[in-house]
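I set aside this session to go through the strands and the pocket of one model and to write down what I looked up.

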Amino acid sequence: MSEVVIYTDGACRGNPGPGGWGAVLSYGSKKMELYGAEKETTNNRMELLAAIQALESLKRSCRVSLYTDSQYVRMGILEWMENWKKRGWKTAARKPVKNQDLWISLDKAIERHDVDWHWVKGHSGIEGNEHADSLANQAIDQMLKAG
């Protein structure tokens, strides 16, 4: 099974506001960059979308080490999602899960991969995280410039 390292990050100017996401994928000596933006979104949505887009871009099942600076994404996957699904996508307080559409997409995206989730401190000089952050901000800049 192929081994891929992924760094993801989301950014938002205002929360909600214009947002972007970025992902850096490494497989052996190959690297790929992905990024995108939305006019009106939240930071959490961009963090989720970065992971979804990166995992969906993989053409075959892979062993993935995914690094995120989002505790929301990491905790959602490792601790919360199983119970949300059991409760029909409701929180412990029986409220609808925020960003349910993206959590469902992420759940589907991880099905065919063996993913290890890692948390890294954001803006702390970790090269992959810094690069993903710069891609997310580049996506916002390009979108705003294009109007």
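The entries below take the strands by their pairing and then turn to the pocket.

**Entry 1, a caution.** I note before anything else that this is a predicted model, and I read each entry with that in mind.

**Entry 2, strands 1 and 2.** I looked up how strand 1 (2-12) and strand 2 (17-27) lie against each other, and found that they run antiparallel and are joined by eight bridges. As a point of reference within this pair I marked Thr 8, which stands opposite Ala 23 in strand 2. The two strands form a hairpin with four residues between them, and there Gly 14 takes a positive phi near 95°.

**Entry 3, strands 2 and 3.** I then followed strand 2 to its pairing with strand 3, which is again in the antiparallel sense and runs over ten bridges. Leu 25 has Met 32 in strand 3 as its bridge partner. This pair also forms a hairpin, with two residues between the strands, and Gly 28 in the turn has a positive phi of about 60°.

**Entry 4, burial of strand 2.** Why do I call strand 2 largely enclosed by the rest of the structure? Nine of its eleven residues are buried, so the description follows from that count, with buried taken as under 20% relative accessible area.

**Entry 5, strand 4 and its partners.** I checked strand 4 from both sides of its pairing: with strand 1 it pairs in the parallel sense over seven bridges, and with strand 5 (residues 114-119) it pairs in the parallel sense over six bridges. For the contact with strand 1 I noted Val 5, which stands opposite Ser 65, and for the contact with strand 5 I noted Leu 66, which stands opposite Trp 117.

**Entry 6, the two faces of strand 4.** Which side chains of strand 4 (residues 62-68) are buried? Cys 62, Val 64, Leu 66 and Thr 68 point to one face and are buried, whereas Arg 63, Ser 65 and Tyr 67 point to the other face and are not. I recall that in a regular strand the side chains alternate between the two faces of the sheet.

**Entry 7, the largest pocket.** I looked up the largest pocket last and recorded a volume of about 350 Å³. It is lined by 13 residues, and those closest to its centre are Tyr 27, Met 32, Ser 57, Leu 58 and Lys 59. Strand 1, strand 2 and strand 3 are the elements that each give two or more residues to this lining. By character, the lining residues divide into six nonpolar, three polar and four charged. I noted that Met 32 thus appears twice in these entries, as the bridge partner of Leu 25 and among the residues closest to the pocket centre.

Note on methods: Residues are numbered from 1 along each chain as its sequence is written. This is a predicted model: local features need pLDDT of at least 70, side-chain atom pairs count only at pLDDT 80 or more; totals for chains, interfaces and linings use all residues. Side-chain values use heavy atoms; hydrogens and water are left out. On a 1 Å grid over the protein atoms alone, a cavity is a set of points where a 1.4 Å probe fits but cannot get out, and a pocket is an open set with protein on both sides within 12 Å along at least five of seven lines; lining residues have an atom within 4 Å of a point. Grid points are joined across faces, edges and corners, and a volume is the space filled by probe spheres set on the points. Ala, Val, Leu, Ile, Met, Phe, Trp, Tyr, Cys and Pro count as nonpolar, Asp, Glu, Lys and Arg as charged, and the others, Gly among them, as polar. Buried means under 20% relative accessible area, exposed over 50%, partly exposed in between (1.4 Å probe, protein chains only). Two strands pair if DSSP finds at least two bridges between them.
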